[in-house]
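Let's take a walk through this protein together, with the structure open beside the text. Please have the sequence at hand as well, so that you can find each residue as it comes up.

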Amino acid sequence: MLSKAFRKAAEFAKATPITSACRKLVSSFSGVPTEPADAVVIGAGVVGLAVARELALKGRDVLVVEAASTFGSGTSSRNSEVIHAGIYYPLQSLKAVLCVKGKELLYKYCSDRGIPHKQLGKLIVATRASEISKLEQILKSGTENGIEDLRMMEGSLAMEMEPELHCIKALLSPSSGIVDSHTFMLSLGEAENLGTAFSYNSVVIGGQVEGNSLHLQISESKDLKNHAGESALQPQLLIIPKLVINSAGLSAIHLAKRFQGLEHRFIPESYFARGCYFTLSNSKSPFSHLIYPIPEDGGLGVHVTLDLNGQVKFGPDVEWIDDVDDISSYLNRFDYSVNSDRSSRFYSEIRKYFPNLRDGSLEPGYSGIRPKLSGQGQLPSDFVIQGENIHGIPGLVNLFGIESPGLTSSLAIAEYIVSNFYK
């Protein structure tokens with residue numbers, strides 16, 4: 001399956017002679033077949049899919065390499081599915097710029113293609129007097145980022161809008177919403193109609209800079225699962241692309257450290273945070289808007305999200321994860337179970353703004369892992385989108401720390417990459 005997928009990609013690649021540098025690389029992996037390619041996107045999450053589509057629309061021959069058996073099986077499918085307005089992020093940060101632009105692109109994309117979504121609006125609430133100044137800072141940040149429809153209101157007005165809500169002040173964001181992320185990602189697969197090849201169950205295990213390109217080492221996921229760890233990982237295929245987009249999500253930093261020739265000073269520290277969600281059982285939704293508390297360390301707080309079927313979800317919380325090894329990150333070997341004991345903290349947090357939450361009404365839902373560039377107690381980090389102008393390797397773009405608002409920003413990230421690095 002692996003070689004077949006890459007033979008298909010090679011048919012699209014322009015025929016180029018194998019240079020002496022390539023032969024040197026191949027000789028270090030005796031007997032390993034080699035294929036040329038035009039553009040390789042590592043990772044078939046929502047951002048990787050969006051980048052692949054954008055490159056294909058610009059006429060590039062694209063190969064998407066994904067370790068899982070299908071698209072969007074990591075962070076992209078384990079989140080709140082919220083369309084963010086771009087409120088929280090520092091002025092001129094990538095998160096601010098790409099979220100605001102991405103929101104516009106996403107709403108239009110979904111409307112044009114009939115992808116389920118809904119502009120519900122969001123209330124960010126202060127439940128204590130000490131939180132009002134933080135709410136005002138959020139309003140200032142959002143206004144600076146160009147969001148013109150934000151409105152501060154007294155708690156009494158917010159509670160008229162949402163009778164089950166308790167707060168003393170609230171910030172209304174009318175342009176926030178929700179989207180069916182699976183249908184959205186499925187639609188991005190239209191890149192395949194433009195000639196993009198997808199190789200699932202395939203892992204990029206490393207690379208080596210030779211001449212003016214990064215040569216990628218590929219293995220099948222099933223063989224990596226059986227790797228005992230005593231010996232070095234051995235590729236089954238070498239691919240020599242002109243462009244490489246490292247959009248590997250949870251494994252992007254671990255993978256970058258295996259790119260021989262990429263200086264480690266350009267690779268940030270990685271942190272991982274698990275976030276659990278609980279659902280509201282046997283009850284009609286108490287809210288018609290998304291309800292968010294004041295942000296907490298590592299996240300936006302345990303908030304209320306509605307899905308398109310009307311189910312109510314609360315989450316995520318923040319649990320920091322240590323000691324993630326390379327193979328676990330490549331193969332998404334994370335513990336996604338939700339311990340029902342965590343509900344005790346959820347009840348206390350939710351009742352700050354939803355005091356009528358009944359005992360026993362929360363059920364374990366799902367969890368997701370966020371790839372973060374700042375750890376516990378540190379200031380939140382921006383997206384890192386890093387090209388040749390930073391690390392000096394032609395054709396390589398690294399995407400680090402693409403967590404929230406990555407889903408909202410995905411189409412804008414794709415446009416940004418293609419316009420800034422692959423003109």
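Arg78 sits in the loop that links strand S2 (62-65) to S3. In this predicted model, Arg78 counts as partly exposed because its relative accessible area is 27%, and the cut-offs for that class are 20% and 50%. Now look for Ile369: it is 291 residues away from Arg78 along the chain, yet the two C-alpha atoms are separated by 7.6 Å.

Just after that loop comes S3, which belongs to an open sheet of three strands in the order S3-S8-S4, with antiparallel pairing. Strand S3 (82-83) and strand S4 (117-118) are the edges of this sheet, each pairing on one side only. If you follow S4 across to strand S8 (residues 177-179), you will find two bridges in the antiparallel sense. One residue to pick out here is Lys118, whose bridge partner in S8 is Ile178. As a reminder, strands of a sheet pair through backbone hydrogen bonds, either parallel or antiparallel.

Next, move along to strand S10 (residues 202-210). Eight of its nine residues are buried, so S10 is largely enclosed by the rest of the structure. S10 runs antiparallel to strand S11 (residues 213-220), and eight bridges join the two. The hairpin they make has two residues between the strands, and Gly211 there takes a positive phi near 65°. S10 also pairs with S13, this time in the parallel sense and over two bridges. Gly207 is a handy landmark for both pairings: its bridge partner in S11 is Leu216, while in S13 it stands opposite Phe259.

Strand S13 (residues 259-260) also holds Gln260. Is Gln260 buried or partly exposed? Gln260 is partly exposed, because its relative accessible area is 48% and a residue must be over 50% to be called exposed. From Gln260 you can look across to Ser381, 121 residues apart from it along the chain; their C-alpha atoms are separated by 26 Å.

Let's turn to the empty spaces inside. How many cavities of 30 Å³ or more does a search of the whole structure find? The search finds two, and the largest holds about 70 Å³ of space. Its lining includes Gly249, Leu250, His254, Phe272, Pro371 and Gly401. Helix H9 (252-256), strand S14 (271-280) and strand S19 (362-372) are the elements that each give two or more residues to this lining. H9 gives the most, with three residues. Sorted by class, the lining of the largest cavity has seven nonpolar, four polar and one charged residues.

Our last stop is helix H13 (residues 406-421). A straight helix of 16 residues would span 22 Å at 1.5 Å a residue, but H13 spans only 19 Å between its end C-alpha atoms. Where does H13 bend? The bend is at Ala412, and it amounts to about 40°. Ala412 is also one of the buried residues of H13, a list that includes Gly406, Leu407, Leu411, Ile413, Ile417 and Val418 as well. When you rotate a helix on screen, it helps to recall that an α-helix has 3.6 residues a turn, so residues three or four places apart point the same way.

Conventions: Residues numbered from 1 in each chain as written. Predicted model: local features only at pLDDT ≥ 70, side-chain atom pairs only at ≥ 80, totals over all residues. Heavy atoms only, no water. 1 Å grid on protein atoms, 1.4 Å probe; cavity = no way out; pocket = protein on both sides within 12 Å on 5 of 7 lines; lining within 4 Å. Points joined across faces, edges and corners; volume = space filled by probe spheres on them. Helix = DSSP H or I, 4+ residues; strand = E, 2+ residues; numbered from the N terminus. Nonpolar A, V, L, I, M, F, W, Y, C, P; charged D, E, K, R; others polar. Pairing = 2+ DSSP bridges. Expected span 1.5 Å × (residues − 1). Bend = angle between axes of the 7 residues up to and from the residue. Buried < 20%, exposed > 50% of the residue type's maximum accessible area, 1.4 Å probe, protein only.
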